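User: Hello! I am new to this structure and would like to learn how to read its pockets and its ligand. Could you walk me through them?

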Amino acid sequence: MDLNIAGKQALVCGASKGLGFACARALVQEGVNVTLVARTESTLQQAAENLQAIAAGNVQYVVADVTTPEGRERALQACRQVDILVNNAGGPPPGDFRQWSLEDWAKALNDNMLSAIELIRLTLDPMIQNRFGRIVNITSSAVKAPIAVLGLSNGARAGLTGFVAGLARDVAQHNVTINNLLPGFFDTDRLSNTLNYMAQQAGTQVDGFRQQHQQTIPAHRYGKPEEFGMMCASLCSAHAGYLTGQNILLDGGFYPGTF
Ligand code: NAP
């Protein structure tokens with residue numbers, strides 16, 4: 001199915017690896033021109049070269065930290081017209097809330113709530129004028145089913161989710177959609193770090209922990225980043241204008257509820 005977004009301009013944050021890269025890849029395959037953003041030039045350049053080989057859409061990259069005003073400015077200088085925005089940044093570290101200071105909370109709120117809201121603020125009005133905009137925020141299954149050791153993430157992402165729930169309804173009339181994609185357990189560097197922490201807490205070896213942990217997921221495996229990317233691209237489709245304000249869980253059936 002043609003998603004009908006070839007030639008659109010996408011700004012994909014946190015795009016040198018993992019889920020952000022997978023979203024960028026799926027968009028490039030649809031002929032979207034993509035600007036990749038991440039902080040480390042070497043991995044970012046490698047990611048851009050990998051995507052340029054697909055050659056359906058143009059690929060450029062900008063080294064920037066999207067959690068800072070300067071980084072967001074640099075990203076938007078590189079991508080002047082944003083039709084598609086994928087908000088993403090690294091998640092906060094796991095830990096025990098007794099050890100978190102107000103500064104830790106302020107950083108989590110900045111990185112995983114306010115930075116995404118700022119990028120939406122800076123790109124939304126031109127989308128409204130163009131009568132086309134697709135915004136996808138990468139959040140976490142922890143928004144729906146909190147994970148205790150990821151308390152900073154649970155809190156900050158819930159704030160973003162609450163905010164965009166209102167905004168999405170406000171802008172739907174302009175063919176601008178805002179949706180959140182909630183990853184469960186996807187096989188990325190981030191997941192490896194979390195599993196190392198969880199195995200350490202459980203006093204066990206990470207390999208065995210990984211095997212056992214996957215069996216607790218109804219799909220009996222971790223998600224593949226490309227599965228996530230395909231869902232992101234479909235939310236950005238020209239045909240998806242009636243799908244907004246949703247929190248879409250991709251977790252291999254891990255969440256046990258009916259709804
Ligand atoms: P990942 O494999 O560690 O990749 C993170 C990407 O974001 C990298 O390209 C990284 O590159 C970039 N990045 C991080 N901080 C950034 C910043 N401040 N500005 C610009 N780029 C930044 O992580 P992932 O697994 O794809 O996770 C993506 C998001 O989904 C995270 O917020 C994570 O917490 C969340 N999540 C993931 C899972 C999972 O199972 N993987 C589950 C739930 C939630 P640089 O470090 O070079 O900047």
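**Reading the pocket, the ligand and the cavity**

Analyst: Gladly! Let us begin with the largest pocket, which has a lining of 48 residues. Nearest its centre are Asn 88, Ala 89, Gly 90, Gly 91 and Arg 190. Please keep in mind that this is a predicted model.

User: How much space lies in the largest pocket, and which elements give two or more residues to its lining?

Analyst: The space in the largest pocket comes to about 1200 Å³. Two or more lining residues come from each of α1, β2 (33-38), α4, α5 and α6. Of these, α6 gives the most, with 6 residues.

User: And what classes of residue make up the lining of the largest pocket?

Analyst: Sorting a lining by class tells you what kinds of residue face the space. Here the largest pocket is lined by 20 nonpolar, 19 polar and 9 charged residues.

User: Where does the ligand sit?

Analyst: To place a molecule, we ask whether more than half of its atoms lie within 2 Å of the grid points of a pocket or cavity. In this model, the ligand sits in the largest pocket. The elements giving two or more residues to the shell around the ligand are α1 (18-29) and α6 (189-202).

User: How many residues surround the ligand, and which are the closest?

Analyst: The ligand has 28 residues around it, and the closest are Ser 16, Leu 19, Thr 40, Ala 89 and Thr 188. By class, this shell holds 10 nonpolar, 12 polar and 6 charged residues.

User: Which polar atoms should I look at around the ligand?

Analyst: For a polar contact, look for a pair of N or O atoms within 3.5 Å. Ser 16 has a polar side-chain atom 2.6 Å from an oxygen atom of the ligand. The backbone takes part too: a backbone N or O atom of Gly 90 lies 3.1 Å from a ligand nitrogen atom, and a polar backbone atom of Gly 184 is 3.2 Å from a ligand oxygen atom.

User: How much of the ligand does the protein bury?

Analyst: Compare the ligand alone with the ligand in place. Taken alone, the ligand exposes 880 Å², and the protein buries 92% of that.

User: What about cavities?

Analyst: A cavity is closed, whereas a pocket is open. The count of cavities of 30 Å³ or more is 1. The largest cavity has a volume of about 100 Å³ and is lined by 13 residues, including Asn 87, Asp 111 and Ala 116. The element α4 (102-130) gives two or more residues to this lining, as does α5 (151-171); α4 gives the most, with 6.

Technical notes
Residues are numbered from 1 along each chain as its sequence is written. This is a predicted model: local features need pLDDT of at least 70, side-chain atom pairs count only at pLDDT 80 or more; totals for chains, interfaces and linings use all residues. Side-chain values use heavy atoms; hydrogens and water are left out. A residue is near a molecule or strand if one of its heavy atoms lies within 4 Å of it. A polar contact is a pair of N or O atoms within 3.5 Å; within protein, one must be able to donate a hydrogen and the other to accept it, and residues adjacent in sequence count only if both atoms are side-chain atoms. Accessible areas come from the Shrake-Rupley method with a 1.4 Å probe; for residues, only the protein chains shown count as cover. On a 1 Å grid over the protein atoms alone, a cavity is a set of points where a 1.4 Å probe fits but cannot get out, and a pocket is an open set with protein on both sides within 12 Å along at least five of seven lines; lining residues have an atom within 4 Å of a point. Helices (H or I, at least four residues) and strands (E, at least two) are DSSP runs, numbered from the N terminus. Ala, Val, Leu, Ile, Met, Phe, Trp, Tyr, Cys and Pro count as nonpolar, Asp, Glu, Lys and Arg as charged, and the others, Gly among them, as polar. Grid points are joined across faces, edges and corners, and a volume is the space filled by probe spheres set on the points.
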